[in-house]
Every structure is written in C-alpha cells, then in structure tokens.
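Thanks, everyone. Please have the sequence and the model up while I talk. I'll go from the surface inward.

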Amino acid sequence: MTLLSDPEKIRAADDVKELILASGQEAMLLRAVPGERLYGSDDAAFEEVGTFSLEFVETPPEDLNNKIDAVACVLPVQDVRPEDRVQTGADAFRIQTVEEERLFGVITHKVIKLVRLHGS
C-alpha cells in the first residue's frame with residue numbers, strides 16, 4: 001500500500017519547487033577548474049557555472065557548533081557538489097554536504113550545508 005499516488009507525489013514536488021522559486025533568491029555556482037592540486041586544498045581556481053534559484057537561510061549562532069554557517073534548499077535537478085562554491089551577494093560559501101530530501105519516494109529538493117569562506 002502506498003501513502004501517496006503518483007500524481008500526489010508530482011504535486012508535492014511541484015509545491016516545493018514553487019516555494020523555492022517564490023523565495024526570489026539566486027546565487028552564483030562556482031566549480032573548481034580541473035587540474036592538479038593538493039588533496040583538500042582550497043587554492044584551486046574556480047569558474048562560474050551559472051546562477052541558480054535557492055532558498056538561503058543563514059544558520060543562527062547557536063547552531064554554529066556544527067561549523068555550518070548557512071543552509072540552502074535547491075531544486076532536485078540542480079547539479080551541486082561538495083566543494084563547489086556558492087556566491088550570494090558579497091558572501092562566498094563552500095558546499096560542505098548535499099542531501100536529497102524525499103517524500104514517500106519522490107525527491108522534492110536538495111539541502112546543501114554551507115561553510116563561509118573568510119577573506120574571499
């Protein structure tokens with residue numbers, strides 16, 4: 001027995017998509033230029049991949065013990081990867097983790113956890 005029919009799953013994913021787009025927020029996605037660099041090094045050159053829609057929320061100071069400075073929800077089709085960079089306004093962040101959020105078998109969105117890049 002399934003709790004949601006296929007049309008209900010599609011509707012739920014569409015509702016989350018509308019919420020993300022309704023936030024009116026956009027950011028620039030940057031990805032490391034392929035090449036040789038030390039493992040884990042942050043000194044790679046990054047190139048713009050393009051702008052994308054997101055719902056961006058800075059993490060309250062009491063949650064900073066997790067070392068996460070912000071969280072964003074993005075559309076499930078958005079190609080975001082750990083170690084990519086997100087530029088929003090004057091702030092730059094590194095994507096720490098990417099997690100798909102599911103509702104009874106359908107991916108509704110991705111949640112990315114961000115770490116602020118100081119001195120960028």
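Start with leucine 103, which sits in strand E5, residues 91–103. Keep in mind that this is a predicted model. Is leucine 103 buried, partly exposed or exposed? It counts as partly exposed, because its relative accessibility is 30% and the partly exposed class lies between 20% and 50%. Leucine 103 also belongs to a nonpolar surface patch with Leu3 and Phe104. Together, those three have about 280 Å² of accessible area.

Now arginine 31. Find it in strand E1, residues 25–32. This arginine is buried, because its relative accessible area is 16% and the cut-off for buried is under 20%. Which side chain makes a polar contact with arginine 31? Aspartate 84 does, at 2.7 Å. Leaving out residues up to four places away in sequence, arginine 31 touches Asp84 and others, including Phe46, Glu47, Asp79 and Arg81.

Next, the nonpolar interior. The largest core has 14 residues. Which members touch the most other members? They are Phe52, Leu54, Phe56, Val86, Ile95, Ile112 and Leu114. At least two residues of this core come from each of E1, E2 (46–58), E3 (70–74), E5 and E6 (106–116).

Take isoleucine 112 as one example. Setting aside neighbours within four places in sequence, its contacts include Ala70, Val71, Ala72 and Val74. Val80, Val86, Ile95, Thr97 and Val98 are also among them.

Finally, there is a second, separate core. This one has five residues, among them Val16, Ile20, Cys73 and Val111.

Note on methods:
Residues are numbered from 1 along each chain as its sequence is written. This is a predicted model: local features need pLDDT of at least 70, side-chain atom pairs count only at pLDDT 80 or more; totals for chains, interfaces and linings use all residues. Side-chain values use heavy atoms; hydrogens and water are left out. Patches are made of residues with over 30% relative accessible area and no salt bridge: like charges are joined within 9 Å, nonpolar side chains (Val, Leu, Ile, Met, Phe, Trp, Tyr) within 5 Å. Accessible areas come from the Shrake-Rupley method with a 1.4 Å probe; for residues, only the protein chains shown count as cover. A salt bridge is a side-chain nitrogen of Lys or Arg within 4 Å of a carboxyl oxygen of Asp or Glu. Helices (H or I, at least four residues) and strands (E, at least two) are DSSP runs, numbered from the N terminus. Buried means under 20% relative accessible area, exposed over 50%, partly exposed in between (1.4 Å probe, protein chains only). A polar contact is a pair of N or O atoms within 3.5 Å; within protein, one must be able to donate a hydrogen and the other to accept it, and residues adjacent in sequence count only if both atoms are side-chain atoms. Contact means heavy atoms within 4.5 Å. A nonpolar core is a set of buried Ala, Val, Leu, Ile, Met, Phe, Trp, Tyr and Cys residues joined through side-chain atoms within 4.5 Å.
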